[in-house]
Amino acid sequence: MPVNQTAPPPADAVGFEPRLFLREEELDRALELALAAQRVLERIAEPAQADGALGPGHWRVLSALRRRPGQSVAALRTRLAIPKQSL
């Protein structure tokens, strides 16, 4: 076995399915969960946005910096797909 590969789980592993794709209903469920998470995050950010100090774009930048501190402006622009003026 090549060095970079790991051994597959044993055949009797609980919940193991040897497929390399997601079914449509699994993709639908993942999207549903992602949208629900987005709604929760928007509700959390509402108080700070209500006073006009921070808008949705600011939250996107702060969130990106929180996950990866020290990113360059160019990296943030690429990652968030926003123009330099907005950043």
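Which pattern does the protein follow when read along the sequence? In the predicted model, the order of elements is α-α-α. The protein contains three helices and zero strands. These are helix 1, covering residues 24–50, helix 2, covering 56–67, and helix 3, covering 73–80.

The chain comprises 87 residues, of which 9% count as buried. The accessible surface of the protein amounts to about 7,600 Å², and carbon and sulfur atoms account for 60% of that surface. Contacts between residues at least 6 apart in sequence were also classified by separation; 3% of them join residues at least 24 apart.

Helix 1 consists of 27 residues. The distance from its first C-alpha to its last is 38 Å, which is close to the 39 Å expected at 1.5 Å a residue. A kink of about 35° is nevertheless present in helix 1 at I44, shortly before the proline P47. Just after helix 1, G52 adopts a positive phi of about 80°.

The kink position I44 also contributes to the surface. Together with V40 and L41, I44 makes a nonpolar surface patch of about 300 Å². The relative accessible area of I44 is 62%, so this residue is classed as exposed. Membership of such a patch requires over 30% relative accessible area, a condition that I44 meets with its 62%.

One salt bridge is found in the structure. It joins E32 to R29, with a separation of 2.7 Å between the closest N and O atoms. Because E32 and R29 are three residues apart in helix 1, about one helical turn separates them. Both partners are partly exposed: E32 has a relative accessible area of 46%, and R29 has one of 44%.

The loop between helix 2 and helix 3 contains Q71. With a relative accessible area of 18%, Q71 is buried, the class being defined by a value under 20%. When residues up to four places away in sequence are not counted, Q71 touches A64, L65, L76 and R79. Of these contacts, A64 and L65 fall within the range of helix 2, 56–67, whereas L76 and R79 fall within the range of helix 3, 73–80. The loop residue Q71 therefore has contacts in both of the helices that its loop connects.

In the segment after helix 3, A81 was examined for its backbone geometry. The phi of A81 is near 55°, a positive value in a residue other than glycine. A81 counts as exposed, because its relative accessibility is 66% and the class begins over 50%. A positive phi is thus listed for G52, just after helix 1, and for A81, in the segment after helix 3.

Terms used. Residues numbered from 1 in each chain as written. Predicted model: local features only at pLDDT ≥ 70, side-chain atom pairs only at ≥ 80, totals over all residues. Heavy atoms only, no water. Patch = residues over 30% accessible without salt bridge, like charges linked within 9 Å, V, L, I, M, F, W, Y side chains within 5 Å. Areas by Shrake-Rupley, 256 points an atom, 1.4 Å probe, with all protein chains shown as cover. Salt bridge = Lys/Arg side-chain N within 4 Å of Asp/Glu carboxyl O. Helix = DSSP H or I, 4+ residues; strand = E, 2+ residues; numbered from the N terminus. Buried < 20%, exposed > 50% of the residue type's maximum accessible area, 1.4 Å probe, protein only. Expected span 1.5 Å × (residues − 1). Bend = angle between axes of the 7 residues up to and from the residue. Contact = heavy atoms within 4.5 Å.
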